[in-house]
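Me: I'm new to this structure, and I'd like a close look at a single part: the open sheet, with whatever packs on it or sits around it. Could you walk me through it slowly?

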Amino acid sequence: MSIYKAKFSAFGSHAPAKVVNNFDLEKTMDTTDEWIRTRTGMFERHYCSEDEAASDLAIIAATNAIEASLVKYKDIDLIITGTVTGDHAFPATACIVQKKLGLKGVPAFDVSAGCSGFIYALDVAKTFVENGSAQNVLVMGVDVLTKITNWEDRGTCVLFGDGAGAAVVSRAQRNDISQIIDCLIQADGSQGDLLYQAAGGSRMPASHATVDKNLHTVYMEGNRIFKNAIRSMYSSTDELLKRNKMSAEDVDWVIPHQANLRIIEGLASKLRVPMEKVIVNIEKYGNTSSATIPLALDEATRSGKIRRGDVILLTAFGAGLTWGSLLARY
Ligand code: ACO
């Protein structure tokens, strides 16, 4: 049993300035706006410049989230980043953000769960708040996939963009309408080779050969991932709703990972949720990995689409394979 309840205090996000649309891609590779739009729902994505890295995006998203909350900087007592494209293999990007925020002493670490990184990090934050170990957790989802994109693989390179999102997860007061109701995270490591970066770790350290063979970039079996994605996100949202004695009708907004519009529509159809209740911004950002959900949440809360008290259902799927869902009253 948890001692306390956790809630979302606020969200923030940031995408780099450079915008690349499908027509720009047409000029540099063998693809078409028509293929990308109909197969993925994407039109634009934001790319980091050469000197921009994950923490540069994350710090802006984090500052936006903290400023939008009633939480003071000095009251943040835990920092977690979901990312697979941090500034360095180590130290953690959360530590770099901690330094930039001037929060010396506050624990900070990264969570590696691919596109599910934000949901995984939220589950950790929720647990820390619920057991009294933390009161205000800064949770970020940031990825800069364009830095590890294989530009010779048209099946993947058109999909990715860069971005960051953040949430402040705080202890809820007794009379608070806002509350994180439940979270479920899962993984299947036996399918890890469907989506991975082969080189750069201890299995295959960087060498001239790994660079020549493009092994420091994303490898993805898109078709097999596609089917897994719908199945896993559906089973996880279904289980989460059932174990909280709720149905899809009780949910005001579904905020799914933005990897492919057809995956989102397939999930909505299985959940029997009309697309009007699904937050979609894939056309503007492409797949920003662990940043898609906090980017969408930040836009939808700031525009007033999602309001305090609304029931929100987040769900993600990514490398690992990992997947997870979170149910909350915003
Ligand atoms: N432009 C034009 N044609 C293309 C392109 C392109 N950019 N890419 C592939 N094609 C062609 C292929 O060559 C193929 O042609 P062929 O039939 O002549 O061989 C055809 O389009 C179909 O290719 P598929 O790979 O079967 O296309 P599919 O419909 O499966 O779409 C996609 C590919 C978009 C990648 C889809 O499979 C997908 O979205 N998968 C899931 C991705 C995902 O969710 N990943 C998890 C999160 S990502 C992360 O964690 C980092």
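**The open sheet and its surroundings**

Reply: Let's start with the strands: five of them make up an open sheet, in the order β1-β7-β6-β4-β5, and the pairing is mixed. Keep in mind that this is a predicted model. The edges of the sheet are β1 and β5 (108-111), each of which pairs on one side only. Averaged over the sheet and with direction ignored, neighbouring strands are turned by 20° against each other.

Now take the β1 edge. Its partner there is strand β7 (residues 162-171), and the two pair in the antiparallel sense over eight bridges. If you want one spot to find by eye, try G12, whose bridge partner in β7 is A166.

Next come the helices that lie on these strands. Helix α3 (residues 54-68) lies across β1, β6 (136-144) and β7. Its direction is at about 130° to β1. Towards the other edge strand there is helix α4 (residues 93-101), which lies across β4 (78-82), β5 and β6. That helix runs at about 145° to β5.

On the way into α4 there's a little oddity. The loop between β4 and α4 holds P91, and the peptide bond from F90 to P91 is cis, with omega near 0°. As background, most residues other than glycine have a negative phi, and most peptide bonds are trans.

Back at β1, let's look at aromatic rings. The whole structure has six aromatic pairs. One of them is F11 with Y330, a stacked pair with 5.7 Å from centre to centre and 25° between the planes. What makes it fun to trace is how far apart its members are in the chain: F11 is in strand β1 (residues 6-14), Y330 is in the segment after β13 (322-329), and 319 residues separate them. Both F11 and Y330 are buried. F8 joins in as well, so to speak: F8, F11 and Y330 form one aromatic cluster.

A second pair makes a nice contrast in geometry. Y196 and Y219 have ring centres 5.8 Å apart and planes at 80°, so this pair is edge-to-face. Here too distant parts of the chain are linked, with Y196 in strand β9 (residues 195-197) and Y219 in strand β10 (residues 218-220), 23 residues apart. Y196 counts as partly exposed because its relative accessibility is 41%. Y219 is also partly exposed, at a relative accessible area of 40%.

Rings have charged company too. R308 lies over the face of Y330, at 3.9 Å from the ring centre. Over the ring of Y4 sits the charged end of R171, 3.6 Å from the ring's centre.

Since Y330 comes after β13, it's worth following the chain back into that strand. β13 is mostly covered, with seven of its eight residues buried. Strand β8 (residues 179-187) runs antiparallel to β13, and eight bridges join the two. Along that pairing, I185 stands opposite G324 in β13. Strand β12 (residues 311-318) is also joined to β13 by eight bridges, again antiparallel. There, I312 has A328 as its bridge partner in β13.

The turn linking β12 and β13 deserves a zoom. This hairpin has three residues between the strands, and G320 in it takes a positive phi near 150°. The peptide bond joining G320 and L321 is cis, with omega about -10°. L321 has its place in the loop between β12 and β13.

Two other loops have a backbone surprise. N214 isn't a glycine, yet it has a positive phi of about 65°. You'll find N214 in the loop between α7 (208-212) and β10, and it counts as partly exposed because its relative accessibility is 26%. S289, not a glycine either, has a positive phi of about 55°. S289 is in the loop between α10 (282-285) and α11 (292-302), and it is buried, with a relative accessible area of 2%.

Last, the cysteines. The count of disulfides is zero. For C48, the nearest cysteine sulfur is that of C115, and it is 16 Å away. A disulfide is a covalent bond between the sulfur atoms of two cysteines. C48 is buried, at 10% relative accessible area, and C115 is buried at 13%.

Methods
Residues are numbered from 1 along each chain as its sequence is written. This is a predicted model: local features need pLDDT of at least 70, side-chain atom pairs count only at pLDDT 80 or more; totals for chains, interfaces and linings use all residues. Side-chain values use heavy atoms; hydrogens and water are left out. Rings of Phe, Tyr and Trp (its six-membered ring) pair if their centres lie within 6.5 Å; planes under 30 degrees apart count as stacked, over 60 as edge-to-face and the rest as tilted. Helices (H or I, at least four residues) and strands (E, at least two) are DSSP runs, numbered from the N terminus. Buried means under 20% relative accessible area, exposed over 50%, partly exposed in between (1.4 Å probe, protein chains only). A charge sits over a ring if NZ of Lys or CZ of Arg is within 6 Å of the ring centre and within 35 degrees of the ring normal. A disulfide is a pair of cysteine sulfur atoms within 2.5 Å. Two strands pair if DSSP finds at least two bridges between them. Axes are lines fitted to C-alpha atoms, for helices over the stretch in contact, and angles run from 0 to 180 degrees between N-to-C directions. Contact means heavy atoms within 4.5 Å.
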